[in-house]
Structure formats: C-alpha cells, structure tokens
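Trainee: Please take me through one part of this model in detail. I would like to see the inside of it, and then what lies around it.

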Amino acid sequence: DIYHGKIGIDKEEAHHLFSNLDWPRAVEELGQAVQFLREEGSEKVGAIGFCMGGALTVAACQHCGIDCAAPFYGTPQKQLSQPENVKVPVEFHTGELDASKGFSDPETVRAWADEINQAGGNAVAYVYEKCGHAFINAGQHAVELREMMGFPEPPTSGQELAWSRVDAFFEKHLKS
C-alpha cells in the first residue's frame, strides 16, 4: 500500500497521489516485500507493474534484489534508477500510441532497454501496434476508464500477445 490507505477514485485524485508519491520510500517498501518473499522461501522473485507500477518495477530491478521484471508503460526518473545499473532481465511493454513523453512513450521505453543492454544488461522493449497507455487492462471498467482518459481502445490481439510474452518471460527467468 504505497499510498498508505489513500485511494484515487477519479483521474484528478489519482494524478494527485501519483504526483506526490514518495518514490524512494515506495521503492524501499518494495524491497521489504521482496525480503519478505525470500524469507518465506521464494528462491526467485519477479515483478510486474503498470504505469506508476511499471516505473517502480524498473526501480526495483536496481534496488530491491528481484530476479527479473516486466514493466508495462512506465519508466522511472533517472534520479531514482539508472539503466546502466539494471543487471536483471527486463521485458518492457508499451503501446505505439502511448503519448506520455519521457515516461512510457515508445521512444523512452526503447531508450531504457538500449541503455540497459549497452551497459551489459538484458532488456527488450515490445511496442504494440494500435495500442496506447493502459492497453493491457481488460473488461468493461477498463474500456470506460480508457474512454474517460482519452486513451484509444486496443485490439485484443495486442493484449493477448503481451500476456503470452510475459508468461514465457517469467517461465524462463523464474523457474528453478
């Protein structure tokens, strides 16, 4: 609960919470969750996150001792995490129509993957055609939220492909 009991029930409130998040504290709390899982017997820990959670997932690669990560449409600011310090496998996912410049647009996501690889890491960036931000969310509520936020409705083929890639990625990197 990185918002410590607060819930964003509309776009404005969610944006306020996101804008005022104590990112280093959130990463520290993720590290505590990883430590708990290890103490409970988990030999390997992977992370997946969406939007802000995607950015936190990338930061967890550097700071939390996870074994691999699959962030969706989100990258952290470089004060929080640096690509050259990410040494675990990362599989980025974003939509070609994602317009969140500097955060989850295809150029930013590809740059993160490229910088990780140039520093000796292992990253891939998947960009899904005709998909925008929050494309992986399914169901009527997701459709309504995308409409309210002005995001395009994605083809189900992009959603299915993304999930199949994530399944294969975690199967490869988390099975002992």
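Trainee: How many helices and strands does the secondary structure of the protein chain come to? With that in place, please look closely at the largest nonpolar core: which residues have the most contacts inside it?

Mentor: Remember one thing throughout: this is a predicted model. The secondary structure comes to 6 helices and 4 strands. Read from the N terminus, the elements run α-α-β-α-β-β-α-β-α-α.

Next, the overall frame. The chain has 176 residues, and a compact globule of that length would have a radius of gyration near 16 Å. The chain has 16 Å, so the two agree. Along its principal axes, the C-alpha trace spans about 40 × 35 × 30 Å. Buried residues make up 42% of the chain. The chain exposes about 9500 Å², and carbon and sulfur atoms supply 52% of that area. Now take contacts between residues at least 6 apart in sequence. Of these, 58% join residues at least 24 apart.

Now the core itself. The largest nonpolar core holds 28 residues. W23, L56, C61, I66, V90, F92 and I116 have the most contacts inside it. Four elements each supply at least two of its residues: α2 (23–39), α3 (52–63), β3 (90–95) and α4 (106–118). The largest share, 7 residues, comes from α3. Find C61 in the core. Leaving out residues up to four places away in sequence, C61 touches I66, A69, V86, V88 and V90. Apart from this core lies another one, of 13 residues. Its members include C68, Y73, A134 and F170.

Move to α4, one of the suppliers. Helix α4 has 13 residues. From its first C-alpha to its last it reaches 18 Å, close to the 18 Å expected at 1.5 Å a residue. Its buried residues are P106, T108, V109, W112, A113 and I116. To read that list, use the helix rule. An α-helix has 3.6 residues a turn, so residues three or four places apart point the same way. The buried residues of α4 pack against α3, β3 and β4 (123–128). After α4 comes G120, with a positive phi near 95 degrees.

Helix α2 is another supplier, but look at Q35, which is found in it. Q35 counts as partly exposed because its relative accessibility is 47%, while buried would mean under 20%. Q35 and I66 are 31 residues apart along the chain. Their C-alpha atoms are separated by 9.5 Å.

Now turn to strand β2, residues 68–72. All 5 of its 5 residues are buried, so β2 is largely enclosed by the rest of the structure. C68, A70 and F72 point one way from the strand. A69 and P71 point the other way. The general pattern is simple. In a regular strand the side chains alternate between the two faces of the sheet. You have met two of these residues already: A69 is touched by C61, and C68 belongs to the other core. Strand β2 also has a partner. It runs parallel to β1, and 5 bridges join the two. In one pairing, G49 has P71 of β2 as its bridge partner.

Follow β1 (46–50) into the loop that leads to α3, and you find C51. C51 is not a glycine, yet its phi is positive, about 60 degrees. Why pause on that? Most residues other than glycine have a negative phi. C51 counts as partly exposed because its relative accessibility is 27%. H4 is another such case, with a positive phi of about 55 degrees although it is not a glycine. H4 lies in the segment before α1 (11–19). With 41% relative accessibility, H4 also counts as partly exposed.

One last stop: helix α6 (residues 156–174), where Q159 is found. Q159 has a relative accessible area of 11%, so it is buried. What does Q159 touch, not counting residues up to four places away in sequence? The list is F135, I136, N137, A138, R146 and P154. Set Q159 beside Q35: Q159 is buried, whereas Q35 is partly exposed.

Methods: Residues are numbered from 1 along each chain as its sequence is written. This is a predicted model: local features need pLDDT of at least 70, side-chain atom pairs count only at pLDDT 80 or more; totals for chains, interfaces and linings use all residues. Side-chain values use heavy atoms; hydrogens and water are left out. A nonpolar core is a set of buried Ala, Val, Leu, Ile, Met, Phe, Trp, Tyr and Cys residues joined through side-chain atoms within 4.5 Å. Buried means under 20% relative accessible area, exposed over 50%, partly exposed in between (1.4 Å probe, protein chains only). Contact means heavy atoms within 4.5 Å. The expected span of a helix is 1.5 Å times one less than its number of residues. The radius of gyration is taken over C-alpha atoms; the globule rule is 2.2 Å times the number of residues to the power 0.38. Accessible areas come from the Shrake-Rupley method with a 1.4 Å probe; for residues, only the protein chains shown count as cover. Two strands pair if DSSP finds at least two bridges between them.
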